Amino acid sequence: MRYVYLTLFLIVVLGVSIFGFRGSLSTRSPLEVFPDMDHQAKYKPQAESAFFADGRADRPLPAGVVAYGRDTDMPAAGFLKADATLFEGKDSKGAWLTGFPSAVTVDPAKLLERGQDRFTIYCAPCHGALGDGNGITKQYGMGATPTFHDDAKRKLANGEIFNVITHGKGNMLSYADKLPAEDRWAVVAYVRALQRAAHANAADVPPGHKSELGIK
Amino acid sequence: MSKLFPKSANKLPLQIIILVFVLGGIATAATTYYATNKYTNVGYAPVQPVPFSHALHAGQLGIDCRYCHVGVDKGPTSTVPTSQTCMNCHNQVKTDSPLLQVVRDSYASGDPVPWVKIHQAPDYVYFNHSVHIARGVSCVECHGRIDEMDVVHQAKPLSMGFCLDCHRAPENFVRDPKLVTKLDWKHPEGVEGQVRDGKKFVHDWNIKPPQSCSGCHR
């Protein structure tokens, strides 16, 4: 009997030394104990496909197609992206829009809050939280990022800033895949707020807050 | 008549019963230890086509998760970034690094970088990132400290029991949705504060994570 337990013990030791412990790093793909319906005959986003020649299940848009409802939550404005003010930042004469498109509700609190949130994620790494061009990437050799606070950038029309986000400019690539049209307008509003703040003087501070800053 | 069985055979039935129990115990222990996600999935860290480091980009540079994983607050899938996302910066930094050759080729040709998927919910499970993000469930609860990993590995089992541990007591986990991508954030007042604020969030937003089968298996 002793020998039975001894062999059993050795088998357990052998098993543990082959299978190892939980949580150890491994490059082998996970073992599926019951693979029953783990992999069904359907495609998930960003998956592979053996059917298409380029191996992608997500199909690229054919040339000339306007994706309906992809860039906005507003069905009426979004249809065929016909609203040039909302999607191009241009007015009816083709000039850059100086205000905001009528489809965007300019609710200062909501729009600016959304703009701040999106700006911090998508713009601040390069342009800096203050829009002064001193984001973290500057320390790593990306010196080309401009500040928003010189005269040239302050004179840009809202539509032009919108266009830079949509199509990129020079070394800056497009952010249209990350920001739907409404969010781009929110970011434009926040860029404007940053520019306003950088050039503010004592007269702009609301009376109630002057004492906090130690000004009369 | 000679003796057929030696005297010690009297103990044999008992010994067999004990042995069966011992074998059963070993088999049960081995299955629970080795045949569950905690062993099969946790620690999976495949070799990626580009040695991309979250510790550098998300940790050191402090880039928000959503800069790259664009879909995470919009829909079910947390999309892995396009090569253009990398080129936003890598058209200016490390422009001739051999490590980034695959990314540059992909950007030029339009074919995606063949990233290897790590976390995988079985196809019979319905999972949605944006509902969790919108309700203040941080990435760290399900993915661990990604911002400290040079190579991403699966840190949590993502098994049914794991999901339910939270769905039964969300107040232990939910936080202000603004903080979901701050993986190092912990409630400043510790567990007590977390539970107090968590209860408040659960009440104010009427958070009711599904516990019925059809919630996740639809």
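Mentor: A polar contact is a pair of N or O atoms within 3.5 Å, and within protein one must be able to donate a hydrogen and the other to accept it. Keep in mind that we are reading a predicted model.

Trainee: How many residue pairs are in polar contact across the interface of chain B and chain A?

Mentor: With both residues at pLDDT 80 or more, the rule finds 22 such pairs. On the side of chain B that touches chain A, the elements giving two or more residues are α1 (12-34), α2 (37-40), α4 (65-68) and α5 (83-90) of chain B. Of these, α1(B) gives the largest share, nine residues. That side of chain B divides into 26 nonpolar, 18 polar and eight charged residues.

Trainee: What area is buried between the two chains, and which atoms give it?

Mentor: About 4400 Å² is buried between chain B and chain A, with carbon and sulfur atoms giving 56%. Three residues, B:Tyr67, B:Gln92 and B:Asp123, supply 15% of the area that chain B buries against chain A, more than any other three. In terms of contact, 52 residues come from chain B and 49 residues from chain A.

Trainee: Which residue forms a salt bridge with B:Asp123?

Mentor: A:Lys44 does, and the closest N and O atoms are 3.3 Å apart. Between chain B and chain A the count is four salt bridges, while over all chains the count comes to 17.

Trainee: How should I read accessibility for the partners in a salt bridge, say A:Asp117 and A:Arg118?

Mentor: Compare each value with the cut-offs: buried is under 20%, exposed is over 50%, and partly exposed lies in between. The side chains of A:Asp117 and A:Arg118 meet at 3.1 Å, N to O. A:Arg118 has a relative accessible area of 2%, so this residue is buried, whereas A:Asp117, at 28%, counts as partly exposed. Now try B:Glu148 and B:Arg145, whose salt bridge is at 3.2 Å.

Trainee: B:Glu148 is exposed because its relative accessible area is 54%, and B:Arg145 is partly exposed at 28%.

Mentor: Well read! Let's turn to a residue inside a helix.

Trainee: Is B:Val103 buried or exposed?

Mentor: B:Val103 has 1% relative accessibility, so this residue counts as buried. B:Val103 sits in helix α6 (residues 101-109) of chain B. Leaving out residues up to four places away in sequence, B:Val103 touches B:Val50, B:Ser83, B:Cys86, B:Met87 and B:Val113. One of these, B:Met87, is 16 residues apart from B:Val103 along the chain, yet their C-alpha atoms are separated by 7.9 Å.

Conventions
Residues are numbered from 1 along each chain as its sequence is written. Chains are lettered from A and ligands numbered from 1 in the order in which they are written. This is a predicted model: local features need pLDDT of at least 70, side-chain atom pairs count only at pLDDT 80 or more; totals for chains, interfaces and linings use all residues. Side-chain values use heavy atoms; hydrogens and water are left out. Contact means heavy atoms within 4.5 Å. Buried area is the accessible area (1.4 Å probe) that two parts lose on being put together, summed over both. A polar contact is a pair of N or O atoms within 3.5 Å; within protein, one must be able to donate a hydrogen and the other to accept it, and residues adjacent in sequence count only if both atoms are side-chain atoms. Helices (H or I, at least four residues) and strands (E, at least two) are DSSP runs, numbered from the N terminus. Ala, Val, Leu, Ile, Met, Phe, Trp, Tyr, Cys and Pro count as nonpolar, Asp, Glu, Lys and Arg as charged, and the others, Gly among them, as polar. Buried means under 20% relative accessible area, exposed over 50%, partly exposed in between (1.4 Å probe, protein chains only).
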